[in-house]
Structure formats: C-alpha cells, structure tokens
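Student: Hi! I have a structure open and would like to talk it through with you. Can we start with the ligand?

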Amino acid sequence: MSIAKKLKANRNRSLELTDLDRDRLRPRLISIERLSSDLRTGTIQADSLEIATLLPTGFVDLLILDPPYNLTKNFNGFKFERRTVEAYTEWLDAAIVQFKPLLKPTASIYICGDWLSSASIFTVAATHFIVRNRITWEREKGRGAKTNWKNSSEDIWFCTMSHEYTFNVEAVKQRRRVIAPYRTQDGTPKDWQVTAQGNFRDTHPSNFWTDITIPFWSMPENTDHPTQKSEKLIAKLILASSNPGDFVFDPFLGSGTTSVVAKKLGRHYLGIEQNEEYCLFTERRLELAEIDPKIQGLADGVFWERNTLREQEIRISSIE
Ligand SMILES: C[S@@+](CC[C@H](N)C(=O)[O-])C[C@H]1O[C@@H](n2cnc3c(N)ncnc32)[C@H](O)[C@@H]1O
C-alpha cells in the first residue's frame, strides 16, 4: 500500500456498520403498524409516498425535502431514473401532495435540488406554498466537464405555509474574517471583535453559502451514502426555521442527517427512508450523537467559514 493510501486508511473516520450493529439497531426502527396510534421520534423504513396517509395530519413544524434529483442515481439498489422536466415536476408534485396535509399552518419547508431539478421545484412549490427564497450553496468539489461548465452549486428553496412562520436570524449568524477593520471615533472596533485568532464579524446569513463542505472520509459524520448532506447545512435550516421541541420531518432521510441534527439541536424528528442500510446508518449516527453532540462548523453559537477548525477549537477552549 502506498504511504498516501496508508495515511488515508489511518485517518479514515467514515461510519461503517458491522452485522452486529445491524442486528442491534434494526429493532429500533418504527414499525408501520404502530404509526397511526403512536407518533414517535425516530426512523421508518418505507416508501414515504405510500405511507404518508398513515401519519397524523398537522404535526410537522419543519419539512426538509432532499429528494432524488432529476438524475439517474443508484441508492444502494433503489435506482432513480432521470426523466423529462415535466415528468420530474409531476413526480415532485405527487410527493408534495402526500406530505402537505402533515404540515402545521405555521410550517416551513425547504426543498433541495440542483440547477435542473430547480426548474421543477419552483413550479411545484409555488402552487402549494409561499416561496420565500432560493439559497444557493457552493459544492467545493465537482466533476470537470469538457463541453459544459463544471457543476459546483446546488439550491435549497425556502417556502412557508403562511405568513406566520419561525425565522431565528440570530441563531444562524455567519462568523467572517474582517477585511476592512473600521473603528468608531473613539477607536473601538465597529461591529467586529478582536480575538487571538484574528478579527471577526458575525454577519447576517445570506442566500449564498460558500462555507459548506460535503462530508468526506476524514469527517466522522461521513457514510457511504452517495448524496449525503453535511450536518452544518441542515443545522442552518433547523436553527433558522424551528424552535427547540418542534417536530422536524424528512421523508427522504438518506443517511439520517436531518434526524441527527434535529436530535443534536433538541428538536423532535421523524424520518422515512426506503433503504434499510441507510435507516441503520441513521440509527447508528443517532446513537453516536448522544456521545458527541457537536456539529462541525457550528461553534460559539455561530457558523464559521470553511477550513477554520483550528480557530474554532482555540476559541471554544478559551471560553470554557
Ligand atoms: C438525496 S438522498 C437524501 C440524502 C440525505 N439528505 C442525507 O443527508 O443523507 C434521497 C434519499 O431518498 C430515498 N428515497 C427515494 N425515494 C424514496 C421514497 N419514495 N421513500 C423513502 N425514501 C426514498 C433514497 O433512497 C435516498 O436515500
């Protein structure tokens, strides 16, 4: 094995399940038979479009929809086929029709997609909800293309059911390095803080995010789910658009990021995923969240820029 490969193997912190883990975690999944009478926090292995009608109406404060994008993708044996924009729009509309009755009148909804799915998302979202914004986030890595622009961004559409909704702007401030350190007349820093690691300002969150790292092998949150979102990204949605004790619902749960972050942030959560292995990743991550509730990139009550782990750690230890 090359030195580079050995180093990678030693520092690989990706989550892996053993058969023993699988046997231990499987009984934790919520069985469909108990759904209507007993709504619990947890994970259901099922087709969410098929079982949505078994869930109570009006229990969701925050719906996070990260559906398969309009791409051909194999989710551990469950293949989603790329289709025409019209056919994807129809599929997404059918999904939202199933989930909408579960929402409270004050609920917020986030829908993830890439540039192509976004065309369908806006059309469908605008017929069911009030569309309030489109967040675009930079994917640091992307596969170079010879005859097209490299795809390095994704969208998250922010919608609400009504004009009455939660938005906790103070909980999602962005800590940025100060480039122009203006001072007031008496010489004190204007809106920024001097720290041993440099000068920082906590700014209002914008709809363009350049601070997201896609989970990879040296991050403990990483699994081998092909389209896993980062905990930091989901934390922004949950902190902004729900309060502790609220119910967060994700019917395309994947490796469980929404449920894990909801648990770390003191929210109730229900996730549905068709694939058993991904449901078990979720349960393992939920277990680990009890031991380590940290969310990478969120420290000291603010979100930090990419690649500032060292500054975050120094800052936190100087506070403790
Ligand atoms: C884009 S991924 C979600 C990734 C997730 N946000 C994460 O961080 O891991 C979409 C997921 O939806 C699941 N899925 C697709 N159709 C489904 C359905 N009808 N019911 C339940 N899960 C479904 C896929 O298996 C896949 O894991």
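Tutor: Sure! One term first: a residue counts as near a molecule if its C-beta atom, placed from the backbone, lies within 6 Å of it. Keep in mind that this is a predicted model.

Student: Okay, so how many residues surround the ligand, and which are the closest?

Tutor: There are 20 residues around the ligand, and the closest are Phe75, Phe252, Gly254, Ser255 and Thr257.

Student: What classes of residue are in that shell?

Tutor: The shell has nine polar, seven nonpolar and four charged residues. Helix α3 (48–51) and strand β13 (268–273) each supply at least two residues of the shell.

Student: Switching to the sheet: what's the strand order?

Tutor: It's an open sheet of eight strands, in the order β1-β13-β12-β2-β5-β7-β6-β11, and the pairing is mixed. β1 and β11 (208–209) stand at the edges with a single partner strand each, so one side of each has no neighbour in the sheet.

Student: Which strand does β11 pair with?

Tutor: β11 is joined by two bridges to strand β6 (residues 130–138), and the two run parallel. In that pair, Thr136 has Phe208 of β11 as its bridge partner.

Student: And β5, is that one buried or exposed?

Tutor: Strand β5 (residues 103–113) has eight buried residues out of eleven, so the rest of the structure largely encloses it.

Student: How do its neighbours run, parallel or antiparallel?

Tutor: One of each! Strand β2 (residues 60–65) runs parallel to β5, with five bridges between them, and Val60 has Leu103 in β5 as its bridge partner. Strand β7 (residues 153–160) runs antiparallel to β5, with six bridges, and there Tyr110 is matched with Phe158 of β7.

Student: What holds paired strands together, in general?

Tutor: Strands of a sheet pair through backbone hydrogen bonds, either parallel or antiparallel.

Student: Now helices. At what angle do α6 and α7 pack?

Tutor: Helix α6 (residues 231–241) and helix α7 (residues 257–264) pack at about 60°, and their axes are 9 Å apart. That angle makes α6 oblique to α7. The crossing of α6 and α7 is right-handed.

Student: Last one: where does Gly42 lie, and is it buried, exposed or partly exposed?

Tutor: Gly42 lies in strand β1 (residues 42–45). Gly42 has 17 other C-beta atoms within 10 Å, so it is partly exposed. Gly42 and Lys263 are 221 residues apart in sequence, while their C-alpha atoms are 9.9 Å apart in space.

Definitions and conventions:
Residues numbered from 1 in each chain as written. Predicted model: local features only at pLDDT ≥ 70, side-chain atom pairs only at ≥ 80, totals over all residues. Buried ≥ 20, exposed ≤ 12 C-beta atoms within 10 Å, placed from the backbone. Helix = DSSP H or I, 4+ residues; strand = E, 2+ residues; numbered from the N terminus. Pairing = 2+ DSSP bridges. Nonpolar A, V, L, I, M, F, W, Y, C, P; charged D, E, K, R; others polar. Axes fitted to C-alpha atoms, helices over the stretch in contact; angles between N-to-C directions. Parallel < 35°, antiparallel > 145°, perpendicular 65-115°, else oblique. Left-handed = near helix turned anticlockwise from the far one by under 90°.
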